[in-house]
Amino acid sequence: MALAALRRESRRMATAVISPRPIIPIRSSLAPSEESALSGVRSISTQVVRNRMKSVKSIQKITKAMKMVAASKLRAVQNKTENSRGLWQPFTALLGDIPSVDVKKNVVVAISSDKGLCGGINSTVVKISRALHKLNSDPEKECKYVILGEKAKAQLVRDSKAHIELSITELQKIPLNFTQVAVLADDILKNVEYDALRVVFNKFHSVVSFVPTTSTILSPEIVERESEAGGKLGELDSYEIEGAESKSEVLQNLTEFQFSCVLFNAALENACSEQGARMSAMDSSSRNAGDMLDRLTLTYNRTRQASITTELIEIISGASALEG
């Protein structure tokens with residue numbers, strides 16, 4: 001209506017022959033190109049905000065879906081993890097877990113995930129692995145890496161490529177079982193010379209809590225040496241060995257089975273920690289996306305209202321100038 005009134009008023013003023021005061025044409029202080037650019041900026045600004053809101057909504061849907069998938073996988077692997085804890089505990093009671101043992105050949109087995117978006121669990125494993133490698137590396141000692149998982153490999157290969165003895169990825173592509181891990185442990189023992197295996201992983205406590213843990217498995221020779229020297233492994237001599245096998249053969253079998261059990265439990269514990277960390281990360285991302293969406297909605301409404309208000313002011317100012 002204001003535009004129609006403005007047109008009628010301009011036609012009336014143009015057709016008048018005599019006017020009490022000269023008609024001064026109203027001209028904009030902006031050039032035509034600047035006016036079109038200004039109107040374009042207004043329309044683009046709201047369009048950009050709308051596109052941004054659409055993108056944030058899509059990301060929020062993805063993060064919510066990933067959280068649900070992680071929760072489903074966590075429930076599936078959590079029961080296996082709790083049951084696997086009963087496998088390695090008797091070996092720890094019998095053969096001990098001595099992280100401070102001084103040996104010449106150390107192997108750090110770093111267990112990480114193959115995928116990201118799960119917080120800092122992989123970085124924690126890498127930091128502890130590097131610290132153990134530095135602690136057990138000197139001219140008289142040798143320390144190597146065995147890596148399980150793509151993320152630890154990607155970080156350790158940057159500065160420790162020469163020390164990586166073996167690397168295995170896509171371990172969790174299929175559901176883990178003891179047979180699969182036992183074959184993997186046998187391959188590691190055949191390809192790596194060691195006096196002590198130090199397995200680094202994340203121990204699962206809850207969805208929001210996981211503890212970086214190190215388990216130490218000694219070779220049969222070191223176990224026999226430590227048992228003869230007394231200390232924590234001195235009680236091994238109190239057991240009697242039945243059958244034709246010697247003590248060294250029994251210790252060899254026990255050590256291999258202990259490593260398989262510890263590796264199986266460590267892989268499951270790390271898988272649980274990964275899914276729990278991913279749940280927490282995706283939940284935090286969904287909340288952040290919601291907060292960003294609220295801010296973008298407020299910005300969009302303010303921008304649209306400012307554009308409407310500016311147009312109304314221009315129309316009213318033009319009509320008032322023509323009347324006055």
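**Notes on the sheet and the helices around it**

1. Let's start in the middle of the sheet: strand 1 and strand 4 run parallel to each other and are joined by 5 bridges. If you want a spot to anchor your eye, V107 stands opposite L197 in strand 4. Keep in mind as you look around that this is a predicted model.

2. Now zoom out to the whole sheet. There are 5 strands in the order 3-2-1-4-5; the sheet is open and its pairing is mixed. At the edges you'll find strand 3 (164-168) and strand 5, each of which pairs on one side only. From one strand to the next, the twist averages 20°. As a reminder, strands of a sheet pair through backbone hydrogen bonds, either parallel or antiparallel.

3. For the antiparallel kind, go to strand 4 (residues 196-206) and strand 5 (residues 209-218), which pair over 10 bridges. A hairpin of 2 residues takes the chain from strand 4 into strand 5. A handy pair to pick out here is F201, which stands opposite T213 in strand 5. So strand 4 has a parallel partner in strand 1 and an antiparallel one in strand 5.

4. Next, what lies across the sheet? Helix 7 (residues 247-323) does, covering strand 1, strand 2 (142-148), strand 4 and strand 5. Relative to strand 4, helix 7 runs at about 40°.

5. Helix 7 also has helix partners, and helix 5 (residues 178-191) is one of them: the two pack at about 125°, with axes 9 Å apart. That angle makes helix 5 oblique to helix 7, and the crossing is right-handed. From helix 5, the contact uses F178, V181, A182, L184, A185, I188 and L189, while helix 7 brings in E256, F257, F259, S260, C261, L263 and F264. Sorted by class, that contact holds 12 nonpolar residues, 1 polar and 1 charged.

6. Helix 6 (residues 220-228) packs on helix 7 as well, at an angle of about 120° and with the axes 9 Å apart. Helix 6 is therefore oblique to helix 7, and their crossing is right-handed. Here P220, V223, E224 and S227 of helix 6 meet K247, S248, L251, Q252 and T255 of helix 7. By class, this contact has 3 nonpolar, 4 polar and 2 charged residues.

7. There is another helix pair to look at: helix 3 (residues 121-135) and helix 4 (residues 150-159), packed at about 40° with their axes 9 Å apart. At that angle, helix 3 counts as oblique to helix 4, and the crossing is right-handed. N122, S123, V126 and R130 make the contact from helix 3, with K151, A152, Q155, L156 and D159 on the helix 4 side. The classes come out even: 3 nonpolar, 3 polar and 3 charged.

8. Finally, how far can you trust what you see? The chain has a mean pLDDT of 82, and 83% of its residues reach 70 or more. Among the elements, strand 1 (residues 105-111) has the highest mean, 95, and helix 1 (residues 2-15) the lowest, 47. Watch residues 13-43 too: the pLDDT there is below 50, and the stretch has 11 contacts in the model beyond near neighbours in sequence. Where pLDDT is low, the predicted coordinates should not be read in detail.

Notes:
Residues numbered from 1 in each chain as written. Predicted model: local features only at pLDDT ≥ 70, side-chain atom pairs only at ≥ 80, totals over all residues. Heavy atoms only, no water. Axes fitted to C-alpha atoms, helices over the stretch in contact; angles between N-to-C directions. Helix = DSSP H or I, 4+ residues; strand = E, 2+ residues; numbered from the N terminus. Parallel < 35°, antiparallel > 145°, perpendicular 65-115°, else oblique. Left-handed = near helix turned anticlockwise from the far one by under 90°. Contact = heavy atoms within 4.5 Å. Nonpolar A, V, L, I, M, F, W, Y, C, P; charged D, E, K, R; others polar. pLDDT = per-residue confidence, 0-100. Pairing = 2+ DSSP bridges.
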